[in-house]
Amino acid sequence: PNASVRLVEQGAQSEALLQQHVQVVVTDTIEAQLMTSWFEGALCVVSEQGWTREPKAVALPRGDLSLKLFVDAWIEQEQAEIDRSLSRWLAAAAEHGPFH
């Protein structure tokens with residue numbers, strides 16, 4: 001009840017935690033995975049399942065059903081490549097650390 005909220009610039013959360021400027025960071029699952037790999041043993045994740053499993057959104061013009069169906073089909077068709085790209089990105093980010 002006596003906690004205060006402090007906004008930390010995107011990308012500076014792990015440094016704020018390590019310097020004890022903040023005690024908790026609420027973030028997405030991917031960033032939590034990266035932060036714990038960069039600072040193994042120094043940070044922990046409260047929920048292994050994360051907050052949500054929803055995919056990222058794509059803004060489309062309202063009422064254009066054919067475009068929506070096309071984008072949905074494209075994402076479904078390319079999901080395996082999207083997942084591979086995300087895995088490669090996460091591996092590279094984990095290897096290079098947060099301050100690069």
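Q: In which helix is the place of Gln13?
A: This is a predicted model. In it, the place of Gln13 is in helix H1.

Q: Is Gln13 buried or exposed?
A: Buried means under 20% relative accessible area. Gln13 has a relative accessibility of 9%. That value is under the cut-off, so Gln13 counts as buried.

Q: Which residues does Gln13 touch, not counting those up to four places away in sequence?
A: Gln13 belongs to H1. Residues up to four places away in sequence are left out of this list. What remains for Gln13 is Val8, Val25, Glu31 and Met35.

Q: Which residues of helix H2 are buried?
A: Helix H2 covers residues 29-38. Two of its buried residues, Glu31 and Met35, are also touched by Gln13. The buried residues of H2 are Glu31, Ala32, Leu34 and Met35.

Q: Within what arc do the buried residues of H2 fall, seen down its axis?
A: The residues concerned are Glu31, Ala32, Leu34 and Met35. They line one face of the helix, because seen down the axis of H2 they fall within an arc of 165 degrees.

Q: Which helices are included in what covers the buried residues of H2?
A: Glu31 and Met35 of H2 are buried, and both are touched by Gln13. Gln13 lies in H1, a helix that spans 13-18. H3, at 65-96, also belongs to the cover. The cover of the buried H2 residues thus includes helices H1 and H3.

Q: How far apart in space are Gly11 and Glu31, C-alpha to C-alpha?
A: Gly11 is found in the segment before H1, while Glu31 is a buried residue of H2. In sequence, Gly11 and Glu31 are 20 residues apart. In space, C-alpha to C-alpha, the distance between them is 9.1 Å.

Q: Is Gly11 buried, partly exposed or exposed?
A: Partly exposed means between 20% and 50% relative accessible area. The relative accessible area of Gly11 is 43%. Gly11 is therefore partly exposed.

Q: Which six residues form the largest nonpolar core?
A: In soluble globular proteins, nonpolar side chains tend to be buried together. Met35 is a buried residue of H2, and it is part of this core. The six residues are Ala16, Leu17, Val22, Met35, Phe39 and Leu43.

Q: With which residues is Val22 in contact, leaving aside its neighbours within four places in sequence?
A: Val22 is a member of the largest nonpolar core. Ala16 and Leu17 are core members too, and both are on its contact list. The full list for Val22 is Arg6, Val8, Ala16 and Leu17.

Q: Which residues of H3 are buried?
A: H3 runs over residues 65-96. What covers its buried residues includes H2. Those buried residues are Val71, Leu90 and Ala93.

Q: By about how many degrees does H3 bend at Gln79?
A: H3 spans 65-96. The bend sits at Gln79, and its angle is about 60 degrees.

Q: Which residue, with positive phi, follows H3?
A: H3 ends at residue 96. The phi of the residue that follows is near 85 degrees. That residue is Gly97.

Q: With which residue does Asp72 form a salt bridge?
A: Side chains of opposite charge can pair when their charged atoms come close. For Asp72 and its partner, the closest N and O atoms are 2.4 Å apart. The two are four residues apart in helix H3, so about one helical turn separates them. Asp72, partly exposed at 36%, pairs with Lys68.

Q: Which residues are linked in a network of salt bridges?
A: The structure holds three salt bridges. Arg84 and Glu81 meet at 2.9 Å, N to O, and are three residues apart in H3, about one helical turn. Glu81 and Arg88 meet at 3.2 Å, N to O. The linked residues are Glu81, Arg84 and Arg88.

Q: What pattern does the chain follow, read along the sequence?
A: The secondary structure comes to three helices and zero strands. Read along the sequence, the pattern is α-α-α.

Q: What percentage of the residues of the chain count as buried?
A: Buried means under 20% relative accessible area. The chain has 100 residues. Its accessible surface comes to about 8700 Å², with 56% belonging to carbon and sulfur atoms. The share of residues that count as buried is 16%.

Technical notes. Residues are numbered from 1 along each chain as its sequence is written. This is a predicted model: local features need pLDDT of at least 70, side-chain atom pairs count only at pLDDT 80 or more; totals for chains, interfaces and linings use all residues. Side-chain values use heavy atoms; hydrogens and water are left out. Buried means under 20% relative accessible area, exposed over 50%, partly exposed in between (1.4 Å probe, protein chains only). The arc is that of the directions from the helix axis to the C-beta atoms. Contact means heavy atoms within 4.5 Å. The bend at a residue is the angle between axes fitted to the seven residues ending there and the seven starting there. A nonpolar core is a set of buried Ala, Val, Leu, Ile, Met, Phe, Trp, Tyr and Cys residues joined through side-chain atoms within 4.5 Å. A salt bridge is a side-chain nitrogen of Lys or Arg within 4 Å of a carboxyl oxygen of Asp or Glu. Accessible areas come from the Shrake-Rupley method with a 1.4 Å probe; for residues, only the protein chains shown count as cover.
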